[in-house]
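Work through the exercises below with the sequence and the model side by side. Try each task before reading its solution.

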Amino acid sequence: LLNPDKCSKDCTCQYFRDNTPVKYAKGFKNFQKRMTQEQYSKFTALLKHKFGHNPYYYRRNGKTLISPMEQHLILSTLHDAGIEEDWEFDMYVDSCLWND
């Protein structure tokens, strides 16, 4: 809880967070269907190294929302695995980005 008398209501406050909704992704199970086994193995290994085993699967299955920065990271990893185009995630939701 923050004391409103001690904070400004703009971006000069260290606790200020913009409440403009951003586009979060939810899941990317459909990627596997479009990759060869070799591409998918490389893609999975790279992302498990970056996120960890369980957090990778939480994001893949849509149990953890994927922030815009993580979406960029996943699409970059997709390119590293040999896929040239950007693919769509399973689903998108708008939410506020409170933790940056």
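The exercises go from the confidence of the model to its helices, their packing and a few single residues.

**Exercise 1. Establish what kind of model this is and how confident the predictor is in it.**

Solution. The model is predicted, so that local features need pLDDT of at least 70 and side-chain atom pairs count only at pLDDT 80 or more, while totals for chains, interfaces and linings use all residues. Residues are numbered from 1 along each chain as its sequence is written, and side-chain values use heavy atoms, with hydrogens and water left out. Now take pLDDT, the predictor's confidence in each residue, from 0 to 100: its mean over the protein is 89, and 95% of the residues reach 70 or more. Among the elements (DSSP runs numbered from the N terminus, helices being H or I with at least four residues and strands E with at least two), helix α3 (residues 53–60) has the highest mean pLDDT, 97, and strand β2 (residues 92–96) the lowest, 92.

**Exercise 2. Describe helix α2 (residues 37–51) by its span, its buried face and what covers that face.**

Solution. Begin with the span: α2 has 15 residues and reaches 21 Å from its first C-alpha to its last, close to the 21 Å expected at 1.5 Å a residue, where the expected span is 1.5 Å times one less than the number of residues. Next, list the buried residues (under 20% relative accessible area, with exposed meaning over 50% and partly exposed in between, for a 1.4 Å probe and protein chains only), which in α2 are Q39, Y40, F43, T44, L47 and F51. Seen down the axis of α2, these buried residues fall within an arc of 125°, taken from the directions from the helix axis to the C-beta atoms, so they line one face of the helix. Q37, E38 and H49 are exposed on the other side. The buried residues pack against α1 (30–34), α3 and α4 (68–80). Finally, α2 is followed by G52, whose phi is positive, near 100°.

**Exercise 3. Carry out the corresponding description for α4.**

Solution. Helix α4 has 13 residues and reaches 18 Å from its first C-alpha to its last, close to the 18 Å expected at 1.5 Å a residue. Its buried residues are E70, Q71, I74, L75, T77 and L78. Down the axis of α4, the buried residues fall within an arc of 155°, so they line one face of the helix, whereas M69 and H72 are exposed on the other side. The cover over the buried residues of α4 includes β1 (21–25), α1, α2, α3 and β2. Just after α4, G82 takes a positive phi of about 105°.

**Exercise 4. At what angles and axis distances does α2 pack against α3 and α4?**

Solution. Two packed helices are described by the angle between their axes and the distance between the axes. Axes here are lines fitted to C-alpha atoms, for helices over the stretch in contact, and angles run from 0 to 180 degrees between N-to-C directions. On this basis α2 and α3 pack at an angle of about 115°, with their axes 7 Å apart. The axes of α2 and α4 come within 9 Å and cross at roughly 145°. For the contacts (heavy atoms within 4.5 Å), Y40, F43, T44, L47, K48 and F51 in α2 meet H53, P55, Y56, Y57, R59 and R60 in α3. On the α4 side, K42, F43, L46, L47, K50 and F51 in α2 meet E70, L73, I74, T77, L78 and D80.

**Exercise 5. Are R59 and R60 buried or exposed, and what are they in contact with?**

Solution. Locate them first: R59 is found in helix α3, and R60 is found in helix α3. R59 is buried, with a relative accessible area of 12%, and R60 is buried, with a relative accessible area of 13%. Leaving aside neighbours within four places in sequence, R59 is in contact with G27, F28, F51, T64, I66 and E70. With that exclusion, R60 is in contact with G27, F28, K29, Q32, Y40 and D90.

**Exercise 6. Place I83 and find its contacts.**

Solution. I83 lies in the loop between α4 and β2 and is buried, with a relative accessible area of 6%. Leaving aside neighbours within four places in sequence, I83 is in contact with M35, Q39 and L78. The C-alpha atoms of I83 and Q39, 44 residues apart along the chain, are separated by 8.0 Å.
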